[in-house]
Amino acid sequence: MSRSLREVVFVDGVRTPFGKAGPTGLYAETRADDLVVRCIRELLRRNPSLPPERVDEVAIAATTQIGDQGLTIGRTAALLAGLPRSVPGYAIDRMCAGAMTAVTTTASGIAFGAYDVAIAGGVEHMGHHPMGEGVDPNPRFVSEKIVEGSALVMGSTAENLHDRFPHLTKARADAFAVASQQKYAAAVADGHIGPELVPVATRSAEAGWGLATVDEPPRPGTTLEALATLRTPFRPHGHVTAGNAAGLNDGATGCLLAAEEVAEELGLTAGMRLVGYGFAGVEPEVMGVGPIPSTEKALARTGLSIGDIGLFELNEAFAVQVLAFLDHFGIADDDARVNPWGGAIAVGHPLASSGVRLMTQLSRQFAQRPDVRYGLTAMCIGIGMGGTVIWENPNWNGETA
């Protein structure tokens with residue numbers, strides 16, 4: 001039996017405002033699963049022509065799958081959001097690329113014909129569940145020198161990148177971080193960031209009820225002088241600081257995917273068309289280089305070159321990691337195609353949720369840029385991996401950016 005693959009489109013994406021993890025953060029007393037529920041409900045509200053029973057799958061990622069982000073969160077969040085009980089769901093984990101993998105996995109099912117419509121996303125409440133909570137790494141990793149001890153500490157892997165590529169200096173990392181803050185602030189002021197945010201009711205035993213409507217992590221007044229004074233927690237006299245890396249954050253994302261002809265049938269607008277994707281493994285000690293081979297793999301499999309990409313949404317887990325990617329592909333640190341609305345250094349990185357944030361921003365940028373045909377979302381992944389997804393702009397007018 002022969003089958004033909006279907007085109008898959010990214011219809012819509014939303015996210016909660018991102019909060020700072022910890023006892024004083026936006027979501028200190030808000031459940032992780034409730035953040036996901038808000039995203040699912042908002043996707044249905046914004047796309048009223050989609051009958052809820054037409055959703056075939058809900059895939060939600062979390063890196064720490066215990067407590068309020070455990071219990072097969074894709075299924076439980078679907079039920080809590082009010083989707084019909086006939087709609088299945090599941091949880092997925094690929095550390096920081098959880099939501100990205102939720103998208104590529106469900107999109108592959110759509111292309112194959114197993115689904116028509118799916119919801120994919122991710123959540124991380126790092127205030128409730130710090131990175132590494134409850135894990136028990138096999139001692140053979142270190143005793144048999146399968147990995148170095150630093151491979152299990154993400155900040156240390158970023159310091160290792162600085163060692164391996166000494167031209168990726170702290171000065172360059174700090175300059176990139178300041179630019180991220182500035183670009184994010186400009187995007188908010190211009191109304192580019194905001195429409196995709198889902199207001200979330202928050203609760204505090206001390207302060208009462210509140211409403212989260214804006215991101216908490218950004219520091220728009222960041223300067224190079226201020227960054228130069230920050231300590232380097234992963235190594236004395238190191239390069240990685242709280243200023244040139246993403247923080248510890250809470251937040252959730254969700255997106256709606258569909259077969260292109262099904263989207264047309266239901267009156268859903270396509271924001272992006274999936275072209276292809278790639279995941280790759282690298283040395284865990286320098287996991288930040290992961291997006292380089294994953295991008296090379298995705299480009300090779302789609303027949304594209306790096307020069308075909310008109311917009312890049314790269315997750316800024318660490319500034320040095322993005323700089324390594326840019327240097328490899330011959331892209332300037334301040335190239336206007338890269339993270340034009342800022343990135344995770346400013347807005348935050350709630351681990352498994354971030355992949356869909358990248359996609360949502362790219363989709364919104366596509367709507368404003370009919371001169372751009374292809375865009376790319378990419379991120380490094382803990383334990384030595386990278387992930388890349390290439391998208392096509394359905395609004396492309398045939399011109400070249």
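Trainee: Is D333 buried, partly exposed or exposed?
Mentor: The model is predicted, and the class follows from the relative accessible area. Buried means under 20% and exposed means over 50%. D333 has a relative accessibility of 26%, so the class of D333 is partly exposed.

Trainee: Where in the chain is D333 found?
Mentor: D333 has a positive partner in R172, and their side chains meet in a salt bridge at 2.8 Å, N to O. That pair links distant parts of the chain, with R172 in helix 6 (residues 170–189) and D333 161 residues apart from R172. As for D333, its place is the loop between helix 10 (319–328) and helix 11 (344–347).

Trainee: What distance separates the C-alpha atoms of D333 and F176?
Mentor: Leaving aside neighbours within four places in sequence, D333 is in contact with R172, F176, L323, L326 and D327. F176 and D333 are 157 residues apart along the chain. Their C-alpha atoms are separated by 7.0 Å.

Trainee: Which residue in the loop between helix 10 and helix 11 has a positive phi near 45°?
Mentor: The residue in question is not glycine. Its relative accessibility is 0%, so it counts as buried. The residue in that loop with phi near 45° is N339.

Trainee: What is the phi of T72 near?
Mentor: T72 lies in the loop between strand 3 and helix 2. With a relative accessible area of 42%, T72 is partly exposed. Its phi is positive, in a residue other than glycine, and is near 50°.

Trainee: Which residue with a positive phi follows helix 2?
Mentor: In helix 2 (residues 73–80), the buried residues are I73, G74, T76, A77 and A78. They pack against helix 1, strand 3 (57–61), strand 4 (89–92) and strand 5 (117–125). After the helix comes a residue with phi near 95°, and that residue is G82.

Trainee: Which helix gives the largest share of the largest nonpolar core?
Mentor: That core has 74 residues, and I40, V58, L83, V123 and W391 touch the most other members. The largest share is 8 residues, and it comes from helix 1 (residues 32–46).

Trainee: How many residues are in the second, separate core?
Mentor: The largest core has 74 residues. The second core is separate and includes L299, A317, L323 and A378. Its size is 40 residues.

Trainee: Which residues does L83 touch, apart from those up to four places away in sequence?
Mentor: L83 is one of the residues that touch the most other members of the largest core. A touch here means heavy atoms within 4.5 Å. On that basis L83 touches I40, L44, P52, V55, V58, A78 and I119.

Trainee: Which side chain of opposite charge is nearest to R357?
Mentor: R357 sits in helix 12 (residues 354–368). R357 is in contact with R15, F18, T253, E313, N315, G343, A344, V347 and G348, leaving aside neighbours within four places in sequence. R357 is buried yet has no salt bridge, and a salt bridge needs nitrogen and oxygen within 4 Å. The nearest side chain of opposite charge is 4.4 Å away and belongs to E313.

Trainee: How many salt bridges does a search of the whole structure find?
Mentor: R6, R54, D116, E261 and E265 are linked in a network of salt bridges. R140 also forms one with E144, with the closest N and O atoms 3.1 Å apart. R140 is partly exposed at 41%, and E144 is partly exposed at 45%. Across the whole structure, the number of salt bridges found is 21.

Trainee: In the salt bridge of R31 and D33, what is the distance from N to O?
Mentor: R31 counts as partly exposed at 43% relative accessibility. D33 is buried, with a relative accessible area of 9%. Their side chains meet with N to O at 2.9 Å.

Trainee: About how much accessible area do L152, V153, F234 and I383 have together?
Mentor: L152 is in the loop between helix 4 (140–143) and helix 5 (154–164). At 38% relative accessibility, L152 counts as partly exposed. With V153, F234 and I383, L152 forms a nonpolar patch on the surface, and their accessible area together is about 300 Å².

Note on methods:
Residues are numbered from 1 along each chain as its sequence is written. This is a predicted model: local features need pLDDT of at least 70, side-chain atom pairs count only at pLDDT 80 or more; totals for chains, interfaces and linings use all residues. Side-chain values use heavy atoms; hydrogens and water are left out. Helices (H or I, at least four residues) and strands (E, at least two) are DSSP runs, numbered from the N terminus. Buried means under 20% relative accessible area, exposed over 50%, partly exposed in between (1.4 Å probe, protein chains only). Lys and Arg count as positive and Asp and Glu as negative; His and the chain ends are not counted. Patches are made of residues with over 30% relative accessible area and no salt bridge: like charges are joined within 9 Å, nonpolar side chains (Val, Leu, Ile, Met, Phe, Trp, Tyr) within 5 Å. Accessible areas come from the Shrake-Rupley method with a 1.4 Å probe; for residues, only the protein chains shown count as cover. A nonpolar core is a set of buried Ala, Val, Leu, Ile, Met, Phe, Trp, Tyr and Cys residues joined through side-chain atoms within 4.5 Å.
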